[in-house]
Amino acid sequence: MDNSIVISTPPHVKSKRTTRGIMIDVAIALLPCAIAGCVFFGWRALIVILTGVLSCVATEFVYYFIANKGFSNKCRDAKQVCVRWLKQFDFTSVVTGLILALILPSSTKWYMVLIGGIFSIAVVKMFFGGTGKNLVNPAAAGRVFMFLSFSIVTSCAIASQFGPIVDSSVVISGATNLGGLLPSKSDPVSNLALLDLFLGTGVAGCIGETCKLAILVGYIYLAVRKVIKWYQPLLFIAVFGLVAWLMGGFFYDKYTLDINLFLPNILSGGVLFGAVFMFTDYVTSPKGTYGQLVYYVAGAILLAVLRYLTKIEVASFVILLMNLFVPLIDKYVIGRPFGYKKVKKQKEDK
Amino acid sequence: MKAVKGKYYFGGVHPHDMKNIAKDAALEVLPDAEAVAISTSQSLGKPALPVVEVGAEVKAGQVIAKADGLISSDVFASISGTVTEIKEVVGANGAEKYIFIKANGKNETSFLPPLSDPSAEEIKDRIKDAGIVGLGGAGFPTAVKVAPKTPVEALIVNGAECEPYLTCDYRLMLEKAEEIAKGARYIAKALGVTKIIIGIEANKPDCIAEFEKFDDIQPVILKKQYPMGGEKQLIYVTTGRKVGIGKLPADVGVVVQNVATCYAVYEAVENGKPLYERVLTVSGKAVSQPKNLWVKVGTPVKAIVDYCGGESVTPKKVVQGGPMTGVAIASYDEYTHKTTSGILLMSAEEAAADEPTPCLNCGKCADVCPMHLMPMNTAFYASAGDFDAAAKYGQTAACIECGACEYICPAKRPLIQAIRKTKAALRNKK
């Protein structure tokens, strides 16, 4: 026995899963959406995606390089710094960049994406302490930043490579098709081509949000790989759909609830994408199972209500808002240990 | 009795069990070492007080240290020889007082008189006199366990052996099922119960078949899930009862005993043999010949490794006990205890030695916690030095230190270390 022996606290075996592995899994799950986006929106979408990913990764690297002390030393052996950076690189910035690009319209200019990526990583993530320390979802914050800075909401492209499959489909311009906007008084259902909404054909929207089929594939991959808990997006979607449907029914159609209006709410806009890829973000969601349930239900209700009131896609705003509640949820919604019995408070005899 | 299926509990992890390494090695008796060093801290509670002096001649099975207080156990010489030294040695378990014995080659033994058809009281006395402690790992004195303050209804025999690598209980159940059953019946008699349940994990079907032969023992097939052999988990999956926090199994009417403990009780009652020998597994990919051995308490780890052919490759970690809860030792200059269930020589590919990365808040540690705690909160507050908050938000008091949280952690955070630190800080404050 030589000095190479390691001593540590147990356990001495650990799972093979690492942060990097999980993040690569998320990136793989995002690929169908990216591919669908490129197919629907053409080379413009590809540019947005590439710019998003590259700007995020580059920002992280530059921050790693210039942050902390010894900048001149780092310049001297830059090669070693690169190797060290690669060693600790955990693909979180790749995921952030991908998500950021996928929730942008394909018409976004490349420099906008660049600035958004820099903001997401540098300001939202690295300034707060890097991986695991950010308060809000970097991609959502980046998107909101761009939304406020460049008014990207007005410049949305229709999936131009494909025409609608169901020909009666209405194409609404705007960042995304919103179910709440669609029902008209005369014939709400025939105007909505559910299949088009599901496949994203002929529908205006953001790169990754239009093709629901791709999102579903990503969801299944994440659930099977146990990166996310399979029931969480479903819970979110169910609660959101229910609330949106009830509100739509009560306020548009004078107290009639049409079951056919349930699906358009879910299939429109960025709800599905947000539920699968953004609400499930580890860093900015509660830690405990019960806290997570509260988080998803509250987020879904908030999104449905705000979407009805504002008539624009507010998923990113709701995600940011809910992120800020997470420390509170973590503090007050904690599960009970196995075998816990509530201790009855005995009144003291005076 | 026909085996029934056990329940499932939320949480737990599924590490690769690695039992194939030593599974087929039949039990062998390790030849006596030339010198042994027997610790006086062989169980929970106070260390025993030495009753022999340097130079004294002792026989195997002779009391060399007496129990001090209620939760403590007698310690016995494991070979016949001369006491050469009594001194404190700092080892992997901290500073302990060791009694060094050099073999004299006479192989004399000093056993207690065998009992035939003993009464409940006689069995209880014998368990105390034979210094039997829980051999599953914790080392709680069995004499205390068989004298519960509240009436019990059932005895649960723990044959789960959920720790990866370890196969000594598996071999024991396979080869000595009859004796384990007898030992369990003695314990049941001492407790005044007739219901005996044995819980065995589903990856040991041959052991389950062995125990189906007995009419008075109910085998329960447990799902392969770590930690299945944790006392509270085992009670829940076999009987559906939940042991409260800070409560004992006897409070819900059951007592749990390990299979190796049952065998030790059988030996003590029928042969009068005190507990100075136990089964342990020598395994891992860095040992030449993995074996399951009968080893005398106090045998140097070096002698055991040498008997198994030494190292095949240089080990990265040497672990005393199982890989999930065992103690990593820095050198072979350690001695086995009554509670040592394995010596693992882990090669670089097996032993985890990853650098921790930042916590992602993924919550996987809370998901797998068999006690439904929040280990990430403990680690978070403990790293800031706020141990009160660590205990409050991580609910650390109920932690059984199974290691499932740290096993699953994708960021490889040292969670168990933080939990132990918190527990120690709170103990010191009191």
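In the predicted model, A:Trp85 has a relative accessibility of 9% and is therefore classed as buried, the limit for that class being under 20%. The ring of A:Trp85 is paired with that of A:Phe89 in a tilted arrangement, because the planes meet at 40 degrees, with the centres 4.8 Å apart. A:Phe89, like A:Trp85, is buried.

Aromatic contacts of this kind number 25 over all chains. Among them is the pair of A:Phe61 with A:Trp85, for which a centre-to-centre distance of 5.0 Å and an angle of 75 degrees between the planes give an edge-to-face geometry. A:Phe61 belongs to helix H2 of chain A (residues 43-66), whereas A:Trp85 belongs to helix H4 of chain A (residues 78-88); the contact therefore ties together parts 24 residues apart in sequence. A:Phe61 itself is partly exposed, with a relative accessibility of 24%, since the buried class requires a value under 20%. Through ring pairs, A:Phe61, A:Trp85 and A:Phe89 are joined with A:Phe65 and A:Phe91 in a cluster.

Contacts between a charged side chain and an aromatic ring were also identified. A:Lys287 is placed over the face of B:Phe380, at a distance of 5.6 Å from the ring centre. In chain B, the ring of B:Tyr307 has the charged end of B:Lys291 over it, 5.0 Å from the ring centre.

Terms used. Residues numbered from 1 in each chain as written. Chains lettered and ligands numbered in written order. Predicted model: local features only at pLDDT ≥ 70, side-chain atom pairs only at ≥ 80, totals over all residues. Heavy atoms only, no water. Phe/Tyr/Trp six-rings, centres within 6.5 Å; stacked < 30°, edge-to-face > 60°. Helix = DSSP H or I, 4+ residues; strand = E, 2+ residues; numbered from the N terminus. Buried < 20%, exposed > 50% of the residue type's maximum accessible area, 1.4 Å probe, protein only. Lys NZ or Arg CZ within 6 Å of the ring centre and 35° of its normal.
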